[in-house]
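Visitor: Hey, got a minute to walk me through this one? I'd like to start with the strands and then hop around.

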Amino acid sequence: MSFTDKCSPVPTAIFWDPAMCQYYFGDYHPMHPSRLDATERLARSMGVFDLPQVREERPPVASDAELELAHDPDYIRAVRAISEDPTLSIPDSGLGTEDTPGYAGVHTASARLAGGSLLAAQMILDEDAVHAVNFGGGMHHADRNKASGFCIYNDCAVAIQHLLNSGVRRIAYIDVDAHHGDGVQNIFWDNPNVMTFSLHESGMTLFPGTGFCNESGPEGLASGTSVNIALPASVSDSGWIRAFDAVVPPLLREFQPEIIVSQHGCDSHTKDDMSHLNISIEAQREIMAYVGQLAHELCEDRWIATGGGGYSIYDAVPRSWTHMMAVAAGAPLSVNSATPTSWRTYMKEKYDISPPIAMGDHADIWWASWEVGFNPADEVDRAVMATRKEIFPNWGLDPWYD
């Protein structure tokens with residue numbers, strides 16, 4: 001049985017404003033805003049925004065005080081300065097690099113993405129929504145005082161700190177982007193009330209070169225709250241889902257979070273050239289549904305889902321994040337559904353590309369749970385076992401059997 005079979009409708013906020021496309025590093029930058037436009041068009045064409053349980057919200061621009069929930073004031077001032085004069089050079093800010101160039105208006109554009117995740121957190125606190133989706137968010141590389149990896153402000157960290165300040169005691173952050181969620185890990189490194197999970201391609205073969213299993217949190221109360229599963233570049237659907245299942249659910253059940261914040265960068269897709277992973281739309285959808293099921297089991301459904309990386313911008317990104325919105329709303333779309341003719345026409349006319357005609361990749365995502373046993377000859381299992389041995393004893397779990 002797929003986890004999508006367990007989805008049920010809940011009040012869901014989805015954040016969208018065409019102004020989100022102002023997060024724009026230039027025509028030739030991999031993180032092109034057309035990926036957001038293509039996603040919103042597909043989701044709307046598939047009827048996701050018309051679902052009765054869905055509430056469409058415009059993300060506000062986060063104030064400096066709100067950004068300071070996760071970022072140093074001097075860093076915010078540096079982003080503002082480059083936003084007003086992109087010719088400035090402020091090396092310590094991380095801006096002005098080939099990956100994360102500064103441009104006129106970068107502060108407002110970045111603060112709007114952060115504002116979406118912040119409002120998502122507030123809506124869940126106010127019980128105006130149970131699930132919330134900010135597919136333009138997920139800027140997980142931004143650190144407290146530095147931009148990195150296409151990320152300026154760390155919207156997930158802003159939302160998490162706001163939840164903590166509002167009385168939420170334990171928060172789980174789950175990141176399945178192909179790249180390590182280093183910024184969120186760093187910001188909450190010594191906070192025992194936040195457990196960060198990152199399932200990613202090993203830093204041996206991919207930026208940012210971090211996220212190894214021994215990055216497990218500092219000694220003391222926060223030991224074992226930083227969880228990294230560094231996977232080999234060869235991993236495919238079955239190993240990816242098996243790795244998630246072998247690590248995330250048992251630890252979450254011990255940690256007992258009150259809310260889950262997740263990052264669903266879809267650059268793990270087999271057609272994405274920014275990683276070496278071989279993951280299908282079907283598997284990405286299954287993990288989205290699994291996270292939703294864990295939120296239902298442990299958090300009274302409270303769940304904030306964000307986007308993140310994704311550079312197969314006309315193929316994987318729109319389909320993956322449309323599935324994310326539909327799964328969050330409790331109305332999952334079939335992977336066998338055709339993409340709407342109106343959307344394909346729009347994509348051809350605006351971007352001169354031939355988009356996919358189906359919502360899935362016709363992939364078989366059969367996988368075996370950890371209960372069948374550890375296979376030391378399998379490099380995915382070895383990576384999983386390394387994480388389990390590092391983290392599980394902190395929580396009274398047996399890495400071999402629990």
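**Strands, core and charges**

Guide: Sure. Keep in mind that this is a predicted model. Strand β3 (residues 131-134) is covered on both faces, with H131 and V133 buried on one side and A132 and N134 buried on the other.

Visitor: Is there a general reason for that two-by-two split?

Guide: In a regular strand, side chains alternate between the two faces of the sheet.

Visitor: OK, and which strands does β3 pair with, parallel or antiparallel?

Guide: Strand β1 (residues 12-15) pairs with β3 in the parallel sense, over three bridges. Within that pairing, I14 has V133 as its bridge partner. Strand β8 (residues 303-306) also pairs with β3 in the parallel sense, over four bridges, and there W303 stands opposite H131.

Visitor: Switching to the core. How many residues are in the largest nonpolar one?

Guide: It has 100 residues, and I152, W240, F244 and I260 have the most contacts inside it. Helix α7 (residues 237-255) gives the largest share, 10 residues. Apart from that core lies another of 28 residues, including A120, A157, L164 and V168.

Visitor: What does W240 contact, leaving aside its neighbours in sequence?

Guide: Beyond four places in sequence, W240 is in contact with V176, L199, L231, V235, S268, I279, A283, Q284 and I287.

Visitor: Cysteines next. How many disulfides?

Guide: The count is zero. For C266, the nearest cysteine sulfur belongs to C151 and is 14 Å away.

Visitor: And why no bond for C299?

Guide: Its closest cysteine sulfur, in C7, is 15 Å from the sulfur of C299, which is too far for a bond. C299 is also buried, at 1% relative accessible area, and C266 is buried with a value of 1%.

Visitor: Good to know before I think about thiols. How many salt bridges are there?

Guide: The count comes to 16 salt bridges. One of them joins D37 and K350, with the closest N and O atoms 3.8 Å apart. D37 is in helix α1 (residues 34-45) and K350 is in helix α10 (residues 341-351), so this pair ties together parts that are 313 residues apart in sequence.

Visitor: Is D37 buried or exposed?

Guide: D37 counts as buried, at 10% relative accessibility.

Visitor: What does D64 pair with?

Guide: D64 forms a salt bridge with R80, and their closest N and O atoms are 3.0 Å apart. D64 sits in helix α2 (residues 64-67) and R80 in helix α3 (residues 73-84), 16 residues apart. D64 is partly exposed at 25% relative accessibility, and R80 is partly exposed at 33%.

Visitor: Which residues are linked with R319 in a salt bridge network?

Guide: K271, D315 and D361 are linked with R319 in that network. The R319 and D315 side chains meet at 2.4 Å, N to O. R319 is buried, with 1% relative accessible area, and D315 is buried with 14%.

Visitor: How many residues of helix α9 are buried?

Guide: Helix α9 has 13 of its 13 residues buried. The helix covers residues 316-328 and reaches 18 Å from first C-alpha to last, close to the 18 Å expected. After α9 comes G330, with a positive phi near 80 degrees.

Visitor: Last one: where is G211, and what does it touch?

Guide: G211 is in the loop between β5 (194-201) and β6 (226-231). Not counting residues up to four places away in sequence, G211 touches H180, H200, N228 and A230. G211 is buried, with a relative accessible area of 0%.

Methods. Residues numbered from 1 in each chain as written. Predicted model: local features only at pLDDT ≥ 70, side-chain atom pairs only at ≥ 80, totals over all residues. Heavy atoms only, no water. Core = buried A, V, L, I, M, F, W, Y, C linked by side-chain atoms within 4.5 Å. Buried < 20%, exposed > 50% of the residue type's maximum accessible area, 1.4 Å probe, protein only. Helix = DSSP H or I, 4+ residues; strand = E, 2+ residues; numbered from the N terminus. Contact = heavy atoms within 4.5 Å. Pairing = 2+ DSSP bridges. Disulfide = S-S within 2.5 Å. Expected span 1.5 Å × (residues − 1). Salt bridge = Lys/Arg side-chain N within 4 Å of Asp/Glu carboxyl O.
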